[in-house]
Amino acid sequence: MITCPKCGKQLADGARFCKFCGSQVPQINVQNPVQNNAQIPAREIQVTAPAPEKKKSSKGIVIAIVAIVLIAAIVLGIIFLPDLFGEKEADLTDKEKLTQLLEESTTKPIVEFAYDDYDNNGTYEAYAVVGETDEEDAEHPKFYDADIYFVNEKKAQPIKENISGQVNGTIELDEIIYISIEVFDEDSGEGKSFIYTVDGDKSEEHEDSGKYSDVHEENGEVIGKDENGEEVKIVIIEKEEINTTEKEETTREAETTTENDASTTPSNGTSSGIANANVGDYITFGSYEQDNNTSNGKEAIEWLVLDKQDGKILVISRYALDCQPYNEEGMDTIWEICTLRSWLNNEFLNTAFTSSQRSMIPTVTVKAEDNTTYGTDAGNDTQDKVFLLSVSEANKYFSSDSARECKPTVYVAAQGADASADAEYYGNCWWWLRSPGYIQDFATSVNYDGGVREHGDSVDYDYIAVRPVLWINL
């Protein structure tokens with residue numbers, strides 16, 4: 001008899017299933033019978049344990065967590081970083097823009113670039129020295145064959161050229177920043193300090209500029225040396241007082257310039273009627289707003305006679321009569337298609353002259369002259385009544401730089417023409433020439449000191465003045 005392993009009931013030997021509970025009964029090998037009391041070894045049943053469950057990889061979890069953190073950091077950076085660092089990035093962009101403007105205006109290497117908010121109005125400007133130096137590692141290296149440039153967000157303009165010297169440093173007083181630049185005399189080698197700041201978007205030269213040497217800030221005071229080499233304290237007057245004084249002087253000079261002014265009058269300059277005019281004389285012909293007071297009408301235009309031949313005279317305005325860009329858009333252009341040519345032969349021609357006067361102005365062929373230094377293409381010849389001088393004509397008709405110096409009328413100054421703050425060329429303006437500059441979107445001009453700028457300036461600069469040129473039939 002065998003026992004059911006589940007319910008314990010006695011079953012007959014060899015039963016395969018329990019007749020009481022139906023459970024399967026394990027079979028026992030009985031080929032070798034044993035005594036009733038002997039223990040029968042249990043059948044050895046091999047049971048294969050299930051393979052242990054593999055743990056999920058922790059590496060994948062870590063990667064997922066890192067990815068989520070990175071995504072969150074990027075999103076937060078996009079949202080918050082511009083607010084945290086936006087001002088510094090803007091400053092860097094402004095500085096790069098000013099540097100680019102400077103590099104477009106000169107081929108000379110930059111020696112020093114002093115970038116700051118000089119007049120504390122939230123905009124940044126720079127004073128730069130470009131030229132040669134043998135002391136590149138010095139804080140303020142001595143320089144030679146150099147120019148001083150003032151750079152704002154619109155332009156880079158030279159304020160002193162072909163000099164040698166050394167930057168003394170900046171001076172900060174009452175939230176206004178000045179820069180002191182020592183300029184050496186070519187003969188004696190002695191220096192004078194030229195002191196500049198900024199008024200709005202214009203360079204401003206201090207009234208003590210060029211009077212002392214080695215001007216610098218020391219313990220909150222401005223120190224310099226007088227003509228005897230003695231150390232003196234220099235008082236920087238209030239900025240508003242400087243502005244008022246300089247503006248009054250600019251207006252007064254523009255209103256009272258007389259024929260004995262060497263910058264605008266040749267040695268043989270005389271007033272004359274058109275019929276008897278000779279080269280070097282001044283004549284009046286036409287009228288145009290000049291005193292910036294429209295209530296009293298237009299003023300007679302003074303012209304300097306440059307040439308006389310075949311019963312006609314070539315004239316150029318004695319003063320700059322308007323302030324216009326060479327071309328309204330900063331793009332590749334030539335005299336033939338620039339907006340200034342169109343303005344001269346339409347708006348200006350019809351405004352400045354009566355119909356009978358216009359009949360005295362012949363249409364002439366104006367030669368297109370390539371830039372001889374840089375080889376820039378000038379395009380085609382044009383047929384014009386009013387035009388500008390070319391580079392070669394500016395050199396031909398004026399015997400010296402000083403003869404080419406020009407002052408703007410009060411009206412032109414009010415239109416935004418830049419006037420020099422340099423004591424030697426005070427009140428002089430730039431004026432356009434028609435020849436192309438060193439690249440196609442630059443045009444040549446005459447500088448404050450009367451020098452011809454073959455490198456040129458960007459055609460969309462709106463602070464350069466205009467001196468119209470025309471022939472008059474006698």
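What percentage of the 474 residues in the protein is made up of buried residues? I began my entries on this predicted model with that point, and the figure is 45%.

**Entry 1: the whole chain**

I looked up the secondary structure and noted seven helices and 24 strands in the protein. I then turned to the contacts between residues at least 6 apart in sequence, of which 51% join residues at least 24 apart. For the surface, I recorded an exposed area of about 26,000 Å². Carbon and sulfur atoms supply 48% of that area.

**Entry 2: an open sheet**

I followed one sheet strand by strand. Seven strands make up this open sheet, and their order is S3-S4-S5-S6-S7-S8-S9. I noted that the pairing is antiparallel. At the edges stand strand S3 (110–116) and strand S9 (202–205); each has a single partner strand, so one side of each lacks a neighbour in the sheet. The twist from one strand to the next averages 35 degrees.

As a general reminder, I wrote down that the strands of a sheet pair through backbone hydrogen bonds, in either a parallel or an antiparallel manner.

I then examined one pair within the sheet. Strand S7 (residues 176–184) and strand S8 (residues 191–199) run antiparallel and are joined by six bridges. For Phe-184 I looked up the bridge partner in S8, and I found Gly-191.

**Entry 3: Val-69 and its surroundings**

I located Val-69 in helix H1, which spans residues 58–105. Is Val-69 buried or exposed? Its relative accessibility is 51%, and the cut-off for exposed is over 50%, so Val-69 counts as exposed. I also noted that Val-69 belongs to a nonpolar patch on the surface, together with Ile-61 and Ile-65. The accessible area of these three residues together is about 290 Å².

**Entry 4: Val-391 and its surroundings**

My next residue was Val-391, which I found in helix H5 (residues 391–397). The relative accessibility of Val-391 is 9%; buried means under 20%, and Val-391 therefore counts as buried.

Which residues is Val-391 in contact with, leaving aside its neighbours within four places in sequence? I listed Leu-433, Ser-435, Thr-444, Val-452 and Glu-454. I also looked up the separation between Val-391 and Asp-370, which are 21 residues apart along the chain. Their C-alpha atoms are separated by 9.4 Å.

**Entry 5: the two valines side by side**

I closed by setting the two valines together. Val-69 in helix H1 counts as exposed, whereas Val-391 in helix H5 counts as buried.

How values were computed: Residues numbered from 1 in each chain as written. Predicted model: local features only at pLDDT ≥ 70, side-chain atom pairs only at ≥ 80, totals over all residues. Heavy atoms only, no water. Patch = residues over 30% accessible without salt bridge, like charges linked within 9 Å, V, L, I, M, F, W, Y side chains within 5 Å. Areas by Shrake-Rupley, 256 points an atom, 1.4 Å probe, with all protein chains shown as cover. Salt bridge = Lys/Arg side-chain N within 4 Å of Asp/Glu carboxyl O. Helix = DSSP H or I, 4+ residues; strand = E, 2+ residues; numbered from the N terminus. Buried < 20%, exposed > 50% of the residue type's maximum accessible area, 1.4 Å probe, protein only. Contact = heavy atoms within 4.5 Å. Pairing = 2+ DSSP bridges. Axes fitted to C-alpha atoms, helices over the stretch in contact; angles between N-to-C directions.
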